[in-house]
2 protein chains.
Amino acid sequence: MTDTSTAPAASAPTHRSEHAPVRDDVARARPVAPHGAHRGVGIEEVRLTGGFWRDLQETNARATLEHCLEWMERLGWVANFDRVAAGTTGPDRPGWQFSDSEVYKLLEALAWEYGRSGDEAVNATFEALVDRVAAAQDDDGYLNTCFGHPGRPERYGDLSSGHELYCTGHLLQAAVARLRTVGHDRFVEVARRAADHVCREFGVDGRDGICGHPEIEVGLAELGRALGEPRYTEQARLFVERRGRGTLAPIALLGPSYFQDDVPVREADVWRGHAVRALYLAAGAVDVAIDTADDELLAAVERQWTRSVERRTYLTGGMGSRHQDEGFGDDWELPADRAYCETCAGVASVMVSWRLLLATGDVRYADLMERTFYNVVATSPRSDGRAFFYANPLQQREPGADVRPDAVNPRAEGGVRAPWFDVSCCPTNVARTLASWQAYAATVSSGGSGEHAGDVVSLVQHASADLRVALDGGEELGLSVRTAYPADGLVRVEVTDAPDRPVTLRLRVPHWADGATLTVPGGSGPEGAAPGWAEVRRTFAPGDVVVLELPTGPRFTWPDPRVDALRGTVAVERGPLVLCLESVDLPDGVALEDVRVDPSAAPRPHDDGALVRARVVTPPAPEPGRPPFSGAPPVTPAAPSTIELPLVPYHRWAERGPSTMRVFVPTT
Amino acid sequence: MTDTSTAPAASAPTHRSEHAPVRDDVARARPVAPHGAHRGVGIEEVRLTGGFWRDLQETNARATLEHCLEWMERLGWVANFDRVAAGTTGPDRPGWQFSDSEVYKLLEALAWEYGRSGDEAVNATFEALVDRVAAAQDDDGYLNTCFGHPGRPERYGDLSSGHELYCTGHLLQAAVARLRTVGHDRFVEVARRAADHVCREFGVDGRDGICGHPEIEVGLAELGRALGEPRYTEQARLFVERRGRGTLAPIALLGPSYFQDDVPVREADVWRGHAVRALYLAAGAVDVAIDTADDELLAAVERQWTRSVERRTYLTGGMGSRHQDEGFGDDWELPADRAYCETCAGVASVMVSWRLLLATGDVRYADLMERTFYNVVATSPRSDGRAFFYANPLQQREPGADVRPDAVNPRAEGGVRAPWFDVSCCPTNVARTLASWQAYAATVSSGGSGEHAGDVVSLVQHASADLRVALDGGEELGLSVRTAYPADGLVRVEVTDAPDRPVTLRLRVPHWADGATLTVPGGSGPEGAAPGWAEVRRTFAPGDVVVLELPTGPRFTWPDPRVDALRGTVAVERGPLVLCLESVDLPDGVALEDVRVDPSAAPRPHDDGALVRARVVTPPAPEPGRPPFSGAPPVTPAAPSTIELPLVPYHRWAERGPSTMRVFVPTT
């Protein structure tokens, strides 16, 4: 593990983008292979040079990876592999049935981090973990510490809850990360044998079963691409097609929609049930749709995305309205206080939207990714990278407890980031996402026809970075992007290398950016750029500069009137950031529940948040001794006090001690 | 079981109130003994002659009791007792660990029903069940079919989840019903031996434990009163005092507040965690406070009631805002759509308020009981008494499924009453409450001093009934109450028998009844009666008539502005009934989510509901291809259509096929 006392400069990477780009797909370091017309850049093609995401990546590298390993050692989740290898596991095995998956997600994070930084200490940690994992693999490729060994339940005896294929799916994703950063090593071989085992066990002649928690589908599909193994793609297709037919044994109190076994994927209109399950499944379905040219299946997931994002998604991009099943609610059921918005559902939503973006190029998928990155993924980790939110509600009614640094917390306790959870899927999910973040920053497509023939390079997320993007003819487009985004909306792109032929450069103008402008080389100055893709097509030369200016001043956002829980409230956003009002910023004696924002005064910029004009109203107290159902109409005090209050970025709330919080604030 | 083909007249009771009243407390047929200054009437002192509650009682007697028994036979919950007796139980025992309690609650319901009606068929069913239950009792008094026998887990090995003492508590409550209607028979003896076993096992020298689900406390306290056994009261006190010290092993994902083991009862300020647990515990704490003259403990429960009813209780009287733990939410966390409002929590709330009413005489407890009776307890059973709501949300966004008459339903599925549930606590809880309903209709107190010396008879709930209330000196007050309440607010009380000395008659004027009048014998006509107790003190003579007139026209009720989920909405009530808007009453093409009530037009009476003026607004649809976060302020169409819509009593919703529904409707 990286020594945390090492300064960032000391672990300076021998960065792979400095080497000649490797053109074959296996070696391109990205989570998802070319997909439809677009491919994502590899992490070796983009080097973040500073700013919001680079800071998060550094904290992830310096603190979070080590933190996760420490906790999993402490709780015996890594030692579970040793015990299987030694034949000493048994009924006292610690951890949930899915704890292996946390080790695999950490391996994936370590693989991306080594690919990103070249830090040999990270690689040593990876290899040491692989020693222990590989030793636990059975001769036939089965690899799981919870099932199938003396004193443990039999293999695949509980597909509804066992999570065996779910764990294998994460193993395969970790192997994809290793394969695309280092190559086909012994860990990839472990994954290959595990995948072969799954194909033998669950193929057309095998068990007609699926896993209660999707994940194996994306794992198989991507490993199939990375290894050029069509059997894996076919197995992923089988799992997708078998779902929705009610074959999973019910879990007490939860219906089949909990694990999306109620309706076949291609027939469903909306996401429902457990959000992470629904989204991992959707991601796998897109992979299968692309690799089997199944337009109907692709259209089904697009249809589900459209309705679910319109009616079942929070302003933060968060998904999951219910604690009961960590699941989606009905249309318009979006309570702020009981918003679940699991961090992992944010990661999973990014996985789905990224695949749809690659498949279609539609900018709305990139917009949702940005919303989710800044307001869910970035919200989870504490600024020191050693505590996390599992649920991400948009309102906190009672201050969270103090942090218990050595305690395993209930997962959905609100108001305080915890070092670890009883179900601790989120920390490692954040870690693997941050370690590979720049792979989601840009896409490339080639081919096309007419005036769009040739290469199109799209800057999907705005961040300071040096890019060397491989083009179709073996050339590269070199770009130097500099920006203080999201604090400021100026994005300056300088061409550092370009082929001697026309290339299309596209910059994303987010849907909220009314009044954006684009300045192109040799142009007459800034020109209006509508939300969508702002395009520049030309034969670029080194030194050419393109400037995108996005308006990032604070703005009001009103909820859809059909969202009952938010009626009569307004939120404030600033660029891609959702802001919130936190009780630590209120004057003494003012309760958050009594604050009403005056929507007639536009929010003003303030630090990295905003100032809003607000009134403090004291609701009429019920008469003593009478029940609270007397039901008089609400009244506004005759002479309310008007104050100005600061809003802060939601992703940084609860960093200044226990507080109450709201994103949507009632209006006067 | 009563033959369902028998007309009500054929099972006419040999009504016990026709006999001379039995003065000793053991024989008085009521759930709770004299309590503070007040005692509840026995069911032999009140005979319902018709109307709302009499109808529900008759349906309960004719259908629900038989229905519950059929399901418990079908599922093997009764046969579990036979298997213990035969030594053939084992790992395949069907039912949850608490299924015994359903048999006991049915026994309690049968006991009250026999006491009410004298129907020998009911008694025969009771005796046949007792044969089977009694045979399963161990020699040392332990009685449980889930634990402590070959092939089953050991006794008391899982106090957090085992529910053993919970089941015993319901056994004791059933025995109290039998003791007070028939006398000390072999079933009472079974309960006495079980209670003795509990005292030996959990007394000061025994296990220092409590049950994860309170209920043993009320059972022990009341059986102690009924049998004059102070050891039981002392044991109840021990259980109350031991709670709140974190001794229960945690249940996965739930903290100690789930079973109120976080804060000692006398220190808590508000109800929290699982609502039924919190309320059964509170009821037991009041019993203990009264029997041990513990004013601090009584004040604690009153304080909890006050805050919880003000901030954590629905307009219906329903309690429980969260599905996750079937529990209370934070203050003001009262979502309409995800309101849990478990039927059993309604029953438990009535148990608490009744004990506080007897302890204090404060009318607000009676008001909440009425609200809960009409809008939670009466809402659960379908009109045929053979299907039930478990959860009682105040908004249904998607129509409920069709009823599956032979299916065991998940407990909290919304929108449709189900014949039985996987966890089926509610049907038998409704049954025992309805069978004893008239015991909650009136109270008597005596003593007092000065102008209030002597007997005070209080009519707590308004229903047509003949009363013969035993007074302090061995005399009776006979009353004939006739009313069409709640459809109409006229309550006519004629004195049929009275002692030759002053008696105070009190009639409850509910808190919502602005403009109520009282007409007294020899008075000059109707006089204003403020909410609270309307009193008439005089030496009554047979033929004297007192008339209370309550305004039961429809009225708007606005939510407290701090309830975020209800901001910008209004409800309509009529007398004690909460009304609702159901989609089956909407014109074709109008969606419930698009209806806005015009609060400038008062609701008009309509059948047993109301008509409101409303507008239909179609919210602006998001632009195609753009995410729904564009956040324009909501607009009202320039020329909305105005229509008049009928509201119906909430307790009868979902009786006309699947529909959507809301109690609180957005306003224009």
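The following exercises, each with a worked solution, concern a predicted model.

Residues are numbered from 1 along each chain as its sequence is written, and chains are lettered from A and ligands numbered from 1 in the order in which they are written. In this predicted model local features need pLDDT of at least 70, side-chain atom pairs count only at pLDDT 80 or more, and totals for chains, interfaces and linings use all residues, while side-chain values use heavy atoms, with hydrogens and water left out.

**Exercise 1. Cysteines**

Task: Determine how many disulfides there are over all chains, and explain the status of A:Cys425.

Solution.
- Step 1. A disulfide is a pair of cysteine sulfur atoms within 2.5 Å.
- Step 2. The cysteine sulfur closest to that of A:Cys425 belongs to A:Cys344 and lies 3.6 Å away, which is too far for a bond.
- Step 3. B:Cys425 is likewise in no disulfide, with the sulfur of B:Cys344 as its nearest at 3.6 Å.
- Step 4. The count over all chains is therefore 0 disulfides under the 2.5 Å rule.
- Step 5. Buried means under 20% relative accessible area, exposed over 50%, and partly exposed in between (1.4 Å probe, protein chains only). A:Cys425 has 8% relative accessibility and so counts as buried; B:Cys425, at 8%, is also buried.

**Exercise 2. Nonpolar cores**

Task: State how many residues the largest nonpolar core has, and list what B:Trp271 touches.

Solution.
- Step 1. A nonpolar core is a set of buried Ala, Val, Leu, Ile, Met, Phe, Trp, Tyr and Cys residues joined through side-chain atoms within 4.5 Å.
- Step 2. The largest such core has 205 residues, and B:Trp53, B:Leu107, B:Trp271 and B:Val663 have the most contacts inside it.
- Step 3. Contact means heavy atoms within 4.5 Å. Leaving aside residues up to four places away in sequence, B:Trp271 touches B:Ala278, B:Leu279, B:Ala282, B:Val301, B:Gln304, B:Trp305, B:Ser308, B:Arg312, B:Met319, B:Phe328 and B:Val352.
- Step 4. Another core lies apart from the largest one; it has 203 residues, including A:Val41, A:Ala236, A:Trp332 and A:Tyr485.

**Exercise 3. Strand pairing in chain B**

Task: Give the strand order of the open sheet of 7 strands in chain B and identify the strands at its edges.

Solution.
- Step 1. Helices (H or I, at least four residues) and strands (E, at least two) are DSSP runs numbered from the N terminus. Two strands pair if DSSP finds at least two bridges between them.
- Step 2. The order is S2-S8-S9-S10-S15-S12-S13, with antiparallel pairing.
- Step 3. S2 (46-48) and S13 (527-528) of chain B stand at the edges; each has a single partner strand, so one side of each lacks a neighbour in the sheet.
- Step 4. Within chain B, S8 (residues 465-470) and S9 (residues 476-483) run antiparallel and are joined by 6 bridges. B:Arg468 is placed opposite B:Gly478 of S9(B).
- Step 5. Elsewhere in chain B, S22 (residues 641-649) pairs antiparallel with S18 (residues 577-582) through 2 bridges. S21 (residues 609-616) of chain B pairs with S22(B) in the antiparallel sense over 7 bridges, and B:Val612 has B:Leu645 as its bridge partner in S22(B).

**Exercise 4. Helices H5 and H1 of chain B**

Task: Describe the span of helix H5 of chain B, and decide whether B:Trp71 is buried or exposed.

Solution.
- Step 1. The expected span of a helix is 1.5 Å times one less than its number of residues.
- Step 2. H5 of chain B (residues 164-181) has 18 residues and reaches 26 Å from first to last C-alpha, close to the expected 26 Å.
- Step 3. Since 18 of the 18 residues of H5(B) are buried, the helix is largely enclosed by the rest of the structure.
- Step 4. B:Gly183, just after H5(B), takes a positive phi of about 125°.
- Step 5. B:Trp71 belongs to helix H1 (residues 52-74) of chain B and, at 3% relative accessibility, is buried. Beyond residues up to four places away in sequence, B:Trp71 touches B:Pro405, B:Asp406, B:Ala407, B:Val408, B:Pro419 and B:Trp420.

**Exercise 5. Backbone geometry**

Task: Locate the cis peptide bond that ends at A:Pro486, and characterise B:Tyr156.

Solution.
- Step 1. Most residues other than glycine have a negative phi, and most peptide bonds are trans.
- Step 2. A:Tyr485 and A:Pro486 are joined by a cis peptide bond with omega of about 5°; A:Pro486 is in the loop between S9 (476-483) and S10 (490-497) of chain A.
- Step 3. B:Tyr156 is not a glycine, yet has a positive phi of about 55°. B:Tyr156 lies in the loop between H4 (120-135) and H5 of chain B and is buried at 5% relative accessibility.
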